[in-house]
Amino acid sequence: MTLVLRKRDATKDVDAHFARHPVAIRRAAARAAKDNDLPEDWLNDAVKGFLYVQPQTRPWAEFPGLRVYAPDPAYIFAMKALAGRPADISDLQTLSAELGLTSAADGLAIVERYVPERLLTPRVQYLVEDLFEHEDR
């Protein structure tokens with residue numbers, strides 16, 4: 001949301017998925033934290049628990065020894081709908097506009113593309129429907 005879409009202020013950490021060499025990446029992140037006075041958990045790989053389908057990504061930046069890829073905005077929409085935290089609502093509205101979604105059916109189709117059916121609870125459905133409630137009136 002912050003780096004790729006430039007739609008809001010940064011949060012306290014960077015969500016990341018380490019495709020290869022996680023131990024080396026964690027070691028490098030710890031050193032970067034120490035060298036730059038960052039919190040130890042500035043690079044957060046907890047997102048791995050939400051990778052149900054490998055998202056499509058696109059290159060975002062490349063540095064010596066590091067390539068950064070960004071997930072497709074549709075994938076971010078699905079993950080934020082699944083998380084459903086109050087802080088995710090404004091991101092979902094922004095992503096909905098970015099993706100050109102015009103109905104709850106459009107939003108739910110995206111969520112269903114990335115989230116296993118067993119996790120598609122009524123709470124997720126209601127959250128997405130509420131995003132478009134004003135357009136149904």
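How are α4 and α5 oriented relative to each other? I shall open with that question this morning, and the answer will come once the chain has been introduced. Please bear in mind that the structure before you is a predicted model.

Let me begin with the overall layout. The chain has 137 residues, and 28% of them count as buried. Its secondary structure comprises five helices and four strands. Read from the N terminus, the order of these elements is β-α-β-β-β-α-α-α-α. If we take the contacts between residues at least 6 apart in sequence, 58% of them join residues at least 24 apart.

I now return to the opening question. The axes of α4 and α5 come within 8 Å of each other and cross at roughly 140°. An angle over 145 would count as roughly antiparallel, and one from 65 to 115 as roughly perpendicular. The two helices α4 and α5 are therefore oblique to each other. The crossing of α4 past α5 is right-handed. On the α4 side, the contact is made by A104, G107, L108 and V111, while α5 contributes V124, Q125, V128 and E129. Sorted by class, five of these residues are nonpolar, two are polar and one is charged.

Next, consider helix α2. Is it mostly enclosed or mostly open? Of its 11 residues, 10 are buried, so α2 is largely enclosed by the rest of the structure. The buried residues are P73, A74, Y75, I76, F77, A78, M79, K80, A81 and L82. You may notice that a lysine, K80, stands in that list. What covers these residues includes the strands β3, at 57-63, and β4, at 66-71, together with the helices α3, at 88-99, α4 and α5, at 122-131. Just after α2 comes G84, which has a positive phi near 60°.

Two of those covering helices deserve a separate look, and I shall take α4 before α5. The axes of α2 and α4 come within 8 Å and cross at roughly 90°. That angle makes α2 roughly perpendicular to α4. From α2, the residues in this contact are A74, Y75, F77, A78, M79 and A81; from α4, they are G107, I110, V111, R113 and Y114. Nine of the residues in the contact are nonpolar, one is polar and one is charged.

For α2 and α5, the axes again come within 8 Å, and the crossing angle is roughly 115°. Here α2 passes α5 in a right-handed crossing. The contact is formed by F77, K80, A81, L82 and A83 of α2 with R123, V124, L127, V128 and L131 of α5. By class, this contact has eight nonpolar residues, no polar ones and two charged ones.

Let us now turn to a single residue in α4, namely V111. With a relative accessible area of 1%, V111 is buried. Which residues does V111 touch, once neighbours within four places in sequence are left aside? They are F77, A78, A81, L120, V124 and V128. F77, A78 and A81 also appear among the α2 residues that meet α4, and V124 and V128 among the α5 residues that meet α4. In addition, the C-alpha atoms of V111 and L82 are separated by 7.8 Å, although these residues are 29 apart along the chain.

The next topic is aromatic rings. A pair of aromatic rings is described by the distance of the centres and the angle of the planes. How many aromatic pairs does the structure hold? There is one. The ring centres of Y75 and Y114 are 5.1 Å apart and the planes stand at 90°, so this is an edge-to-face pair. Y75 belongs to helix α2, residues 73-83, and Y114 to helix α4, residues 104-114, so the pair ties together parts that are 39 residues apart in sequence. Y75 is buried, at 4% relative accessible area, and Y114 is buried as well, at 6%.

Finally, I should like to point to one residue in a loop. D37 is located between α1, residues 22-35, and β2, residues 43-44. Most residues other than glycine have a negative phi. D37, however, is a residue other than glycine with a positive phi, near 55°. Its relative accessible area is 73%, so D37 counts as exposed.

How values were computed
Residues numbered from 1 in each chain as written. Predicted model: local features only at pLDDT ≥ 70, side-chain atom pairs only at ≥ 80, totals over all residues. Heavy atoms only, no water. Phe/Tyr/Trp six-rings, centres within 6.5 Å; stacked < 30°, edge-to-face > 60°. Buried < 20%, exposed > 50% of the residue type's maximum accessible area, 1.4 Å probe, protein only. Contact = heavy atoms within 4.5 Å. Axes fitted to C-alpha atoms, helices over the stretch in contact; angles between N-to-C directions. Parallel < 35°, antiparallel > 145°, perpendicular 65-115°, else oblique. Left-handed = near helix turned anticlockwise from the far one by under 90°. Nonpolar A, V, L, I, M, F, W, Y, C, P; charged D, E, K, R; others polar.
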